[in-house]
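Open your viewer and keep the sequence panel beside it. We will go stop by stop, selecting as we go.

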Amino acid sequence: MKQFELSTKNYEFVTITAQVRQAVRESGVIEGLCCVYCPHTTAAISINENADPDVVRDLLFALKDTFPDRAEFCHFEGNSAAHLKSSMVGASETIPISEGDLVLGTWQGIYFCEFDGPRTRRYYVQVTGEKE
Ligand code: ZN
């Protein structure tokens with residue numbers, strides 16, 4: 001398993017496709033699965049369009065609009081809206097590997113989603129499968 005570290009801003013999606021793709025290449029796996037996992041409760045992993053940056057901007061807007069900060073929240077840390085976004089988006093993505101590469105659509109990219117930064121974050125890439 002490979003571990004990656006990144007520094008995030010307050011609220012953003014960070015493209016991690018190249019790092020994940022590199023981890024798959026280094027694993028030597030030809031046919032298998034790649035799991036990208038986020039060990040944090042106010043961040044997430046997601047796959048979405050990487051061509052038009054406005055898609056990510058709209059996602060960030062809509063997530064904030066759907067899960068705003070609310071006075072009714074009880075959590076002492078005051079970041080329940082970020083916890084909600086993390087659970088809704090999810091802690092991991094599993095991507096098939098074929099012919100030694102990630103099976104991603106033309107417009108798909110893998111994102112580390114920060115909902116409560118700035119922070120130093122980690123994510124893990126676990127590759128399993130047949131090597132030849
Ligand atoms: Zn919290």
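Which elements are included in what covers the buried residues of α3? They include β4 (43–49) and α2 (53–66). Keep in mind throughout that this is a predicted model.

**Stop 1: helix α3**

Select residues 80–89, which form helix α3. Now highlight the buried residues of α3: Ser80, Ala81, Ala82, Lys85 and Ser86. A helix rule helps here. An α-helix has 3.6 residues a turn, so residues three or four places apart point the same way. Next, show β4 and α2, and you will see part of what covers those buried residues. Then step just past α3 to glycine 90. Its phi is positive, at about 105°.

**Stop 2: the zinc ion**

Select the zinc ion and show its protein donors. Which residues are they? They are His75, Glu77, Asn79 and His83. Both histidines give their NE2 atom, Glu77 gives OE, and Asn79 gives OD1. The donors lie 1.9 to 2.2 Å from the zinc ion. Look at the sequence panel too: the donors follow the spacing H-x1-E-x1-N-x3-H along the chain.

Why is the arrangement called irregular? The 4 donor atoms subtend angles of 90 to 146° around the zinc ion. Four donors count as tetrahedral only if all angles lie between 85 and 135 degrees. The angles here reach 146°, so the arrangement is irregular.

Now compare two of the donors on a surface view. Is asparagine 79 buried or exposed? Asparagine 79 is buried, because its relative accessible area of 6% falls under the 20% cut-off. Histidine 75 is partly exposed, with a relative accessible area of 28%.

**Stop 3: the largest pocket**

Turn on the surface and find the largest pocket. Start with Lys64, Asp69, Ala81, Lys85 and Phe115, the lining residues that lie nearest its centre. The full lining has 13 residues. The pocket holds about 180 Å³ of space.

Color the lining by residue type. You should find 6 nonpolar, 3 polar and 4 charged residues. Which element gives the largest share of the lining? Helix α3 does, with 3 residues. You have already met Ala81 and Lys85 among the buried residues of that helix.

**Stop 4: strand β4**

Go to strand β4 and pick serine 46. Serine 46 counts as buried, at 14% relative accessibility. Beyond its neighbours up to four places away in sequence, serine 46 touches Val89, Glu93, Gly109, Ile110, Tyr111 and Cys113.

Move on to isoleucine 47, also in strand β4. Outside its own sequence neighbourhood of four places, isoleucine 47 is in contact with Glu93, Ile95, Leu104, Gln108, Gly109 and Ile110.

**Stop 5: two exposed loop residues**

Use isoleucine 47 as a starting point for two distances. How far apart are the C-alpha atoms of alanine 71 and isoleucine 47? They are separated by 31 Å, and the two residues are 24 apart along the chain. Alanine 71 sits in the loop between α2 and α3. It counts as exposed, at 81% relative accessibility.

Now draw a line from isoleucine 47 to glutamate 99. These two are 52 residues apart in sequence and 20 Å apart in space, C-alpha to C-alpha. Glutamate 99 lies in the loop between β5 (92–98) and β6 (101–102). It is exposed, with a relative accessible area of 71%. Check its backbone as well: phi is positive, about 50°, although this residue is not a glycine.

**Stop 6: around strand β8**

Select proline 118, in the loop between β7 (108–114) and β8 (120–130). A cis peptide bond joins it to glycine 117, with omega about 0°.

Step along to threonine 120 and find serine 7. They are 113 residues apart in sequence, yet 4.5 Å apart in space, C-alpha to C-alpha. Serine 7 belongs to strand β1 (residues 2–7) and is exposed, with a relative accessible area of 62%. Away from its sequence neighbours within four places, serine 7 is in contact with Arg119 and Thr120.

Finish at glycine 129 in strand β8. Glycine 129 is partly exposed, at 46% relative accessible area. Setting aside residues up to four places away in sequence, glycine 129 touches Val29, Glu31 and Gly32. Glycine 32 is 97 residues from glycine 129 in sequence and 3.9 Å away, C-alpha to C-alpha.

Note on methods: Residues are numbered from 1 along each chain as its sequence is written. This is a predicted model: local features need pLDDT of at least 70, side-chain atom pairs count only at pLDDT 80 or more; totals for chains, interfaces and linings use all residues. Side-chain values use heavy atoms; hydrogens and water are left out. Donors are N, O and S atoms within 2.8 Å of the metal (3.2 Å for Na, K and Ca); water is not among the atoms, so sites may look incomplete. Four donors count as tetrahedral if all angles lie between 85 and 135 degrees; four count as square planar and six as octahedral if opposite donors are over 155 degrees apart and all others between 65 and 115; anything else is irregular. Buried means under 20% relative accessible area, exposed over 50%, partly exposed in between (1.4 Å probe, protein chains only). On a 1 Å grid over the protein atoms alone, a cavity is a set of points where a 1.4 Å probe fits but cannot get out, and a pocket is an open set with protein on both sides within 12 Å along at least five of seven lines; lining residues have an atom within 4 Å of a point. Grid points are joined across faces, edges and corners, and a volume is the space filled by probe spheres set on the points. Helices (H or I, at least four residues) and strands (E, at least two) are DSSP runs, numbered from the N terminus. Ala, Val, Leu, Ile, Met, Phe, Trp, Tyr, Cys and Pro count as nonpolar, Asp, Glu, Lys and Arg as charged, and the others, Gly among them, as polar. Contact means heavy atoms within 4.5 Å.
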